[in-house]
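Colleague: I'm new to this one, so could you show it to me and let me ask where your words come from?
Modeller: Sure, here it is.

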There are 2 protein chains.
Amino acid sequence: MPGPIDDFYAVIPAGGIGSRLWPLSRADAPKFLHDLTGSGRTLLRDTWDRLEPLAGPDRIAVVTGRAHRAAVERELPGIADKNVVLESEPRDSTAAIGLAAAILSRREPDVIIGSFAADHVIRVPQLFDWAVNQAVATAREGYICTIGIQPSEPSVGFGYIRKTDALSIDGAPEAALVGSFVEKPDLETAKEYFADRNYLWNAGMFISRADVLLGEIAENEPQLYAGLMDLAEAWDDREERGPVVDRVWPSLKKIAIDYAVAEPAAAKGRLAVIPGHFDWDDVGDFASLAKLNSHGRKNDLAILGENARVLSDAASGIVVSQTRRVISVIGVRDIVIVDTEDALLVTTSEHAQRVKGVVDALKLSGRGEVL
Amino acid sequence: MPGPIDDFYAVIPAGGIGSRLWPLSRADAPKFLHDLTGSGRTLLRDTWDRLEPLAGPDRIAVVTGRAHRAAVERELPGIADKNVVLESEPRDSTAAIGLAAAILSRREPDVIIGSFAADHVIRVPQLFDWAVNQAVATAREGYICTIGIQPSEPSVGFGYIRKTDALSIDGAPEAALVGSFVEKPDLETAKEYFADRNYLWNAGMFISRADVLLGEIAENEPQLYAGLMDLAEAWDDREERGPVVDRVWPSLKKIAIDYAVAEPAAAKGRLAVIPGHFDWDDVGDFASLAKLNSHGRKNDLAILGENARVLSDAASGIVVSQTRRVISVIGVRDIVIVDTEDALLVTTSEHAQRVKGVVDALKLSGRGEVL
């Protein structure tokens, strides 16, 4: 194993709750704090462990909400205080990643940052390493670089990145320019993309020089950029930080980095992509959680939960158990059962997307205490 | 309303756990102690309330296990001490009903007893009264009389009673002889029975003079009869009862009253039947519980449990909630969800019969504490 990459800093935005995984994911137990693979480790911890060989333990920053600080520090005992970037309240991904970029850029002007979601599942870390190494090499050339996942099936659940001309970059033989981003397609189109091989899944991973990223924000969202610079300037001074945060934070525009950075950069020929050949999943809902844990066997009942006590007969799908209750599952197919202390969900893979609607209904009906 | 029937004594065998309704029914919370109709009353209490106008509050005996004594007395605060007949251990229905018959016959030689399960659901009590009144009139003529339910559909879930020649009995215009008993039929046969109208569902209700019932047991099961007489002789003497119970109880043959009394009596032309026109269900499994609570609407999700907090979307079937948990049910059809403190069941109406297998598996796998 080679050592960490000298000029590289990893950034983990750990923000989203993952409402479509309710009642497993909650405001006080967001998706990234769960073990969704049966590994015994949370997704956040897995993300850290994946990045540590690439960045080194002192060069991984986590951007998270104040409410999750304690949980994050418990999961990542090795994290340095200066690497915990706390958000007063969620302001979407451009603010989260842009703030980290601004802070790190002041500390270390030439730094290359790579941002990786805290709640995705990746297998075969060697292939992940290879992609990141290529992306860093590409970023050194001044590109903003994303890693797009080489599809393993014609999925309608992800957005796509169309790659075009190959770039000639030392250490990045697979680097190519991004032609455009495409929203989630219908199945017919997804099949075409899959056959084409130039369409990659958008996994929301961005690697670039911090100053290049900030330059792109400055061009496209000048006000947001100004706010981030004000925050960064005060950040490392404990006395100064508070008042600036109070003043600036509420004014930060909520915009996803895809819109504020990636798409405009692509249009200007500044966005590169490295194809990722590793297994990747954003585990966006219980259907993908079930699939992720089924190990390809359609007729099995996957079980998540270290204390699970499940008895099944002619059942398939997934049971997520967070209690000590005996769970009997008989004669149901593609079922999704999520058993927690104060809430129970029963649905099917086919209807997994509707969970968000239930969460909304719970909010509206005054039962938000279980969210 | 006429008053109670002078020479009539009701007997309620309250024995079975109702394993196919696990995890609702348990060893310490058998089926008869549950409210399965949303009435707010247990099945046992409903049975008592149905019989009280017919027998009077002092003439209803309950035969139950020692473990259920306290619960039975709590449910039936009006029950007299002498009317609680405690079984040392379950010995099937002939022993339970025969013992009650033997005890009551000693106290009151001409008494007519009627035995009615503690855990069936009956609607339209006026029609029930009318059937019992006819059955008592028939029993006074020396017949053992059963009440067979006029089928409301071609059910494959019940055994049938074929009625033959009409009897001419004052006060029992519908009385007829029983030709034979038929086991649960296949659907084709059930359709023939339904069209025929002479086939009635066997609801296990028996009305006869106590001495006639005992005579039938004496003829068919002389050893069991002798044991029951020994018990009855000692029963009302507190000092004597204990040693006799200890000696005799373990020797009592386990046999259902259908085999020890009803079928032999039918063969000898001594069994009469009154057709019951009331709604009746033995609520044998969750499929029938779902149906019972669906009020005929196939697309509704029925909900049982006074504190149930259920949120559903495009779901049908039944949710039984014994906890305060929020239960979300999305996009599942004919589902059966039973949510209790220490056990959860998820199945479908179609597979409701397999619950018993799970109960057996739990026993074998050493998780009997949830049974």
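Modeller: Between domain 1 of chain A and domain 2 of chain A, the count is two salt bridges. Before you ask more: this is a predicted model, where local features need pLDDT of at least 70 and side-chain atom pairs count only at pLDDT 80 or more, while totals for chains, interfaces and linings use all residues. Residues are numbered from 1 along each chain as its sequence is written, chains are lettered from A and ligands numbered from 1 in the order written, and side-chain values use heavy atoms, with hydrogens and water left out.

Colleague: Why is the pair E153(A) and K291(A) called a salt bridge?
Modeller: The term asks for a side-chain nitrogen of Lys or Arg within 4 Å of a carboxyl oxygen of Asp or Glu. For E153(A) and K291(A) the closest N and O atoms are 2.3 Å apart, so the pair fits the rule.

Colleague: What makes domain 1 and domain 2 of chain A two domains?
Modeller: The bounds come from an automatic or database domain assignment, which gives 8-281 for domain 1 and 286-370 for domain 2. Their centres, taken over C-alpha atoms, are separated by 29 Å.

Colleague: How do you know that these two domains of chain A are in contact?
Modeller: Contact means heavy atoms within 4.5 Å, and 16 residues of domain 1 reach 21 residues of domain 2 that way. The buried area (accessible area, 1.4 Å probe, that two parts lose on being put together, summed over both) is about 1,600 Å² here, with 61% from carbon and sulfur atoms. R20(A), W22(A) and L24(A) supply 40% of what domain 1 buries against domain 2, more than any other three residues.

Colleague: What about chain A and chain B, how many salt bridges are there?
Modeller: Six between the two chains. One example is E369(A) with R309(B), at 2.7 Å from N to O, so that pair also meets the rule.

Colleague: And what makes a pair there a polar contact?
Modeller: It takes a pair of N or O atoms within 3.5 Å; within protein, one must be able to donate a hydrogen and the other to accept it, and residues adjacent in sequence count only if both atoms are side-chain atoms. By that rule, 22 residue pairs qualify across the interface of chain A and chain B, both residues at pLDDT 80 or more.

Colleague: How much area is buried between chain A and chain B?
Modeller: About 2,800 Å², with carbon and sulfur atoms giving 60%. In contact there are 36 residues of chain A and 36 residues of chain B.
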